[in-house]
Amino acid sequence: MLISWNVTRECNLFCRHCYRESGPGRRHPQELTTAEGLKLLDQIKSAGFKLVIFSGGEPLLREDLLELTAYASQIGLRPVLGTNGMLLEADLARQLRESGVSGVAVSLDSDSPEYHDRFRNCPGAWDGAVRGIHNAVGAGLRVQVNMTLTEANLDRFAATVDRVSGWGVRALHPFFLVPTGRGRDLADETLQRERYFEMIRTVLAKQHEAAIELKPTCAPQFLPMAKEMGLPMRFSRGCLAGTAYCCILPNGDVHICPYLPVKVGNVREENFDIIWRESAVFAQLRDFQAYEGRCGRCPEIASCGGCRARAYYYHDRNYLAEEPWCYRGAV
């Protein structure tokens with residue numbers, strides 16, 4: 001089981017698609033304190049989670065990040081980091097490794113600096129991300145590249161995989177854009193219907209020749225499709241939201257996933273492990289018979305799950321609705 005903790009909303013970038021609507025000067029006024037964060041990590045451990053993703057905003061702007069990651073490692077959790085890479089200098093990468101961080105995911109949306117810089121609203125963002133990747137590899141961290149896919153950069157996917165494969169990167173996870181946060185303004189650029197499935201197939205086909213791991217994210221149909229293509233996968237389910245995954249916001253709100261703005265509780269009001277075990281919302285998501293439409297009738301529901309965030313966006317906030325672009329399942 002894994003969990004994302006958005007430790008801050010502060011960020012050095014103002015990306016077009018940010019699900020958390022982060023940016024410079026956007027630190028949440030009720031951000032969890034260090035003491036509250038340490039207590040939360042104990043509760044995450046008690047709930048049975050293994051991997052904690054420290055994310056943001058930009059988590060490297062959190063002054064106590066090394067203390068938090070060191071404590072997570074000390075109590076037996078596996079801390080990893082999601083970052084834009086621009087602040088990941090060589091010395092900091094080494095300190096993260098020494099604190100117990102085992103890996104980092106760096107956002108890189110193209111092999112083209114021009115596209116990445118435009119998407120991230122910052123000249124030099126591509127150079128900074130690549131520098132951060134090399135620094136992390138040099139520090140002995142497992143590095144994953146996260147590439148957000150839209151209609152505007154599909155044609156750069158294969159070239160991006162080829163380019164990062166020579167940098168010591170271990171994986172590239174293409175994220176299929178979900179229109180939430182500032183990403184709502186990019187709804188017309190999200191992949192839909194045939195284009196959506198065509199791109200999943202493209203990613204899986206590329207895996208046959210790629211030297212690094214490729215995993216479609218927010219595209220849970222990849223698991224039954226990989227099975228059909230005879231492609232072995234180490235993953236057990238597509239959408240983990242509420243079943244083996246959730247996220248915590250900077251102020252302690254617990255959400256189903258980063259892309260699905262449904263509040264389940266708040267860790268200042270109730271221990272996280274109790275929220276995880278007893279929430280009625282999580283109970284619904286774990287009952288596959290509660291899923292609606294084609295998802296509810298699909299024989300692959302246990303391995304796929306359908307994207308609950310996309311269902312929420314396209315079905316009037318109904319996170320149990322069917323996956324909108326899916327052709328699978330009973331008609």
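Let's start at a hairpin: strand S8 (residues 245-248) and S9 run antiparallel and are joined by two bridges. This is a predicted model, so read everything here as computed from predicted coordinates. Within that pairing, Ile248 has Val254 in S9 as its bridge partner. Four residues lie between the two strands of the hairpin, and Gly252 takes a positive phi near 95° there.

Follow the chain onward and S9 pairs again, this time with S10, in the antiparallel sense and over four bridges. These two strands also make a hairpin, with two residues between them. Cys257 is the residue that stands opposite Leu260 in S10. S9 itself (residues 253-257) is mostly covered, with five of its five residues buried.

Now zoom out to the whole sheet. It is an open one with 10 strands, ordered S7-S6-S5-S4-S3-S2-S1-S8-S9-S10, and the pairing is mixed. Which strands stand at the edges? They are S7 (213-214) and S10 (260-266); each has a single partner strand, so one side of each is left without a neighbour in the sheet. For a parallel stretch, look at S1 (residues 2-6) and S2 (residues 51-55), which five bridges join. There, Asn6 stands opposite Ser55 in S2. As background, strands of a sheet pair through backbone hydrogen bonds, either parallel or antiparallel.

Next, the packing. In soluble globular proteins, nonpolar side chains tend to be buried together. Here the largest nonpolar core has 92 residues, and Ile44, Phe54, Ile256 and Phe272 touch the most other members. Helix H7 (residues 193-207) gives the most to this core, with six residues. A second, separate core has six residues, including Cys11, Cys15, Met86 and Cys122.

Ile256 is worth a click, as it ties back to the hairpins we began with. Setting aside neighbours within four places in sequence, its contacts include Tyr245, Cys246 and Cys247, and residues 245-248 are strand S8. Val262 and Val264 are also among the contacts of Ile256, and S10 spans 260-266. Others among them are Ala241, Gly242, Val281, Phe282, Leu285 and Tyr319.

That brings us to the rings. A pair of aromatic rings is described by the distance of the centres and the angle of the planes. The count for this model comes to 14 aromatic pairs. One of them is Phe49 with Trp276, edge-to-face at 4.8 Å centre to centre and 65° between the planes. This pair links distant parts of the chain: Phe49 is in the loop between helix H1 (34-46) and S2, Trp276 is in helix H9 (residues 272-278), and they are 227 residues apart. Both Phe49 and Trp276 are buried.

Another edge-to-face pair is Phe288 and Tyr291, with 5.8 Å between the centres and 70° between the planes. Are its two members buried or partly exposed? Phe288 counts as partly exposed because its relative accessibility is 26%, while Tyr291 is buried, at a relative accessible area of 5%.

Ring pairs also link Phe49, Phe272, Trp276 and Phe282 into a cluster. Phe272 from that cluster is one of the residues touching the most other members of the largest core, and Phe282 is in contact with Ile256.

Finally, two arginines sit over rings we have already visited. Arg286 lies over the face of Trp276, 4.3 Å from the ring centre. The charged end of Arg308 sits over the ring of Tyr291, at 4.6 Å from its centre.

Methods
Residues are numbered from 1 along each chain as its sequence is written. This is a predicted model: local features need pLDDT of at least 70, side-chain atom pairs count only at pLDDT 80 or more; totals for chains, interfaces and linings use all residues. Side-chain values use heavy atoms; hydrogens and water are left out. Two strands pair if DSSP finds at least two bridges between them. Rings of Phe, Tyr and Trp (its six-membered ring) pair if their centres lie within 6.5 Å; planes under 30 degrees apart count as stacked, over 60 as edge-to-face and the rest as tilted. Buried means under 20% relative accessible area, exposed over 50%, partly exposed in between (1.4 Å probe, protein chains only). A charge sits over a ring if NZ of Lys or CZ of Arg is within 6 Å of the ring centre and within 35 degrees of the ring normal. A nonpolar core is a set of buried Ala, Val, Leu, Ile, Met, Phe, Trp, Tyr and Cys residues joined through side-chain atoms within 4.5 Å. Contact means heavy atoms within 4.5 Å.
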